[in-house]
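Q: I'm new to this one and would like a close look at a single part of it. Could you pick one helix, show me where it sits, and walk me through what it packs against?

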Amino acid sequence: MALERERDELQVKLSALTSPERIARVATEKLGLVPPQRGQVILANVKPEAPPHGEPSMPDVKLARNERVGKVP
Amino acid sequence: MAAAPYRGRRMLAALVLLSGFALILFRLFNLQILQAAELTAKADRQHRKAVSVQGPRGSIYDRHGKVLAINMDVPSVFGVPASLDDPSGVARDLSPVLRVRAGEIEKKLKQERSFVWIARKLDPEQGRRLERMPLEGIGVVMEGQRFYPKGPLLSHVLGFAGMDSQGLEGIERRYDPSLRGEKQMVVLQRDALGRTVFPKGLHEQVPSPGHNVILTIDEVIQYIAEKELEEAVTATRAKGGIVIVMEPRTGAILAMAVNPRFDPNTVQAISADRWRNRALTDTYEPGSTMKIFVAAAALEEKVMEPETLVYGENGRMVVAHTVIHDHDRLGWMTFAQVIQRSSNIGSVKTATALGAERLYRWLRAFGFGERTEIDLPGEVTGLIKEPRNWERRSLASIAMGQEIGVTALQLVTAVAAIANGGWLMKPYTVSEIRDEKGRVVVQVSPQVRRQPISPETVHTLSKILEGVVTHGTGSKAAVPGYRVAGKTGTAQKIDPKTGAYSSHLSVGSFVGYVPAEDPRLAIVVVIDEPQTEAWGGVVAAPVFRRVAEQALQHLGISSQEPVKLAMTTSSEMARP
């Protein structure tokens with residue numbers, strides 16, 4: 001019972017501490033971070049195929065529907 | 001002989017004694033035989049006490065298992081005044097732990113009662129401190145308390161539970177039978193002084209806890225919606241607002257934000273008006289967003305085609321002795337432009353070509369005037385009069401989104417039907433119910449209500465709605481890198497003082513979906529009584545953009561178009 005009670009208590013604490021509102025507040029007010037600006041985040045898909053002839057892997061940066069837009073070093 | 005007088009006395013004494021015995025025997029017979037059943041039951045009632053014990057309430061989680069509502073046992077402290085020798089001293093000791101003035105505690109402890117609550121539902125740390133204090137006549141019991149660890153997040157959807165663990169609003173109310181723990185009656189014994197004797201091992205007989213409810217809500221998207229709505233309401237000095245984010249293919253609600261918010265942890269201090277989930281309990285006149293459905297009906301009935309030319313009457317037309325205006329002096333335009341420029345006159349002409357009966361039938365087909373049947377309490381049907389009750393101006397009014405009352409939920413559900421290829425879905429907020437061991441008890445599947453519109457019409461209409469954002473009134477809803485389709489709405493509100501349309505009270509809205517070619521999100525934004533600007537394209541469309549942009553990123557839905565890198569150039573990338 002005591003352990004269950006402690007578990008519930010920790011769950012409440014964890015849930016409150018991981019609230020998106022609190023994380024955003026700590027990030028911006030305490031750590032001085034800012035939300036990513038437009039163009040700073042690009043969602044990329046990594047092609048699963050092996051590179052031909054043992055060339056070093058250079059994952060393609062892809063946008064949706066596998067349109068190739070470039071390579072990252 | 002002296003024996004004679006004594007004999008008489010002996011006889012008398014024997015008679016008295018025998019009568020006494022006979023009386024006792026009669027009484028015993030009466031108690032033990034005649035009244036036995038009744039008296040046994042009475043004794044049982046005095047010695048036994050039945051109390052109801054309830055298992056803890058189930059928890060509520062978001063779609064990723066994040067806790068949104070949970071029960072926790074917290075300490076409550078009571079006193080037995082009769083067994084206290086020094087109430088003043090005890091009160092002084094308790095005061096710093098309970099953070100209550102010693103005088104107040106002392107007053108309670110001096111009452112002539114066998115039991116008094118001193119403080120209920122304290123925090124666990126206070127309970128631990130109390131347990132370390134050896135106080136005679138003071139006891140601590142654990143009581144279940146509902147916690148909403150994220151504070152006001154999702155409060156209008158979650159609702160809240162009362163002191164006795166009963167769901168009173170929102171999910172807590174709608175799913176109360178599942179969330180509520182099992183109830184059991186436990187029989188306790190009482191001693192001769194009426195004190196309860198708790199049998200050993202009683203705490204091990206706790207009844208089963210309630211089931212856990214898993215929502216379709218994504219707490220991050222909910223946070224994004226609430227934050228952006230709050231900022232817009234503050235910036236426009238509006239009375240409030242609503243944002244709903246829905247998955248068009250399933251009808252699952254990802255976020256439902258209502259502003260102003262409230263904290264369900266401190267609900268006693270808040271007026272009932274703040275609890276109402278206005279996304280489904282309040283109707284408003286939608287204004288131009290209704291033109292989407294007038295257009296859908298006209299295209300499906302082949303009354304109009306995108307290239308059909310409509311004359312805008314230079315922005316002024318008389319209908320049923322009243323003048324209808326457009327925001328610009330529009331001349332000839334295509335039907336697609338009627339929607340993209342949000343022409344009232346063009347929309348009225350389209351509705352006239354459809355006729356009252358067909359327009360009414362189509363609006364009903366999209367779910368206006370009936371409940372969406374979402375799994376939340378308090379939903380209203382909205383208001384749409386039958387054509388036989390229409391006045392001369394009604395057809396024109398409804399074509400402009402007046403004389404019709406819709407909820408924000410009805411609007412986003414109807415737009416989701418256009419986004420998903422023509423299926424009107426039943427919106428829902430709960431995806432699963434699980435028992436305490438994690439076994440699925442109920443699994444909710446998406447439900448189609450009907451298919452009001454064909455995929456071909458959807459395709460044509462979607463192109464027109466994309467034009468609203470690329471070169472129409474909804475340009476501020478554009479999300480760079482994604483194709484957005486939608487429609488703005490600006491509706492005057494009825495002034496309660498005059499009963500006529502107000503010149504300064506309005507509702508600005510934007511409803512749409514993204515990415516237009518493969519919609520993943522349908523979003524409605526409603527800003528109620530903005531003070532800075534009235535136009536939906538100005539007050540609501542930017543909120544749509546900001547919510548959509550962040551939600552798409554959070555869900556990992558990649559852009560369909562090449563995006564320029566902001567931090568590095570291609571030459572920098574080529575360097576080793």
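A: Chain B holds 21 helices and 23 strands, and what you're looking at is a predicted model. Let's get the setting first, then zoom in on helix 12.

Chain B is quite spread out: its radius of gyration is 35 Å, while a compact globule of 576 residues would come in near 25 Å. Along the principal axes, the C-alpha atoms of chain B fill a box of roughly 150 × 75 × 50 Å. The domain assignment splits off domain 1, made of 52-78 + 117-215, and domain 2, covering 219-555. Their C-alpha centres are 41 Å apart. Even so, the two do touch: 29 residues of domain 1 of chain B are in contact with 26 residues of domain 2 of chain B. On the domain 1 side, helix 6 (155-158), helix 7 (170-174) and strand 8 (212-215) each bring at least two residues to that contact. That side is a mix of 15 nonpolar, eight polar and six charged residues.

Now for helix 12 of chain B, which runs over residues 291-300. Take its packing with helix 14 (residues 344-354) of chain B: the axes lie 10 Å apart and the angle is about 40 degrees. An angle like that is neither under 35 degrees nor in the 65 to 115 range, so the two helices count as oblique to each other. Their crossing is left-handed. From helix 12 come B:Lys291, B:Val294, B:Ala297 and B:Ala298, and they meet B:Ser347, B:Thr350, B:Ala351, B:Ala353 and B:Leu354 of helix 14. Sorted by type, the residues of this contact are six nonpolar, two polar and one charged.

Helix 12 of chain B also packs with helix 18 (residues 455-471) of chain B, with 10 Å between the axes and an angle of about 140 degrees. Roughly antiparallel would take an angle over 145, so helix 12 and helix 18 of chain B are oblique too. Here the crossing is right-handed. Helix 12 offers B:Ile292, B:Ala295, B:Ala296, B:Leu299 and B:Glu300, while helix 18 answers with B:Thr457, B:Thr460, B:Leu461, B:Ile464 and B:Leu465. The tally for this contact is seven nonpolar, two polar and one charged.

To put the two side by side: helix 12 of chain B crosses helix 14 of chain B in a left-handed way, whereas its crossing with helix 18 of chain B is right-handed.

How values were computed: Residues numbered from 1 in each chain as written. Chains lettered and ligands numbered in written order. Predicted model: local features only at pLDDT ≥ 70, side-chain atom pairs only at ≥ 80, totals over all residues. Axes fitted to C-alpha atoms, helices over the stretch in contact; angles between N-to-C directions. Helix = DSSP H or I, 4+ residues; strand = E, 2+ residues; numbered from the N terminus. Left-handed = near helix turned anticlockwise from the far one by under 90°. Contact = placed C-beta atoms within 7 Å. Nonpolar A, V, L, I, M, F, W, Y, C, P; charged D, E, K, R; others polar. Domains from an automatic or database assignment. Rg over C-alpha atoms; globule rule 2.2 N^0.38 Å.
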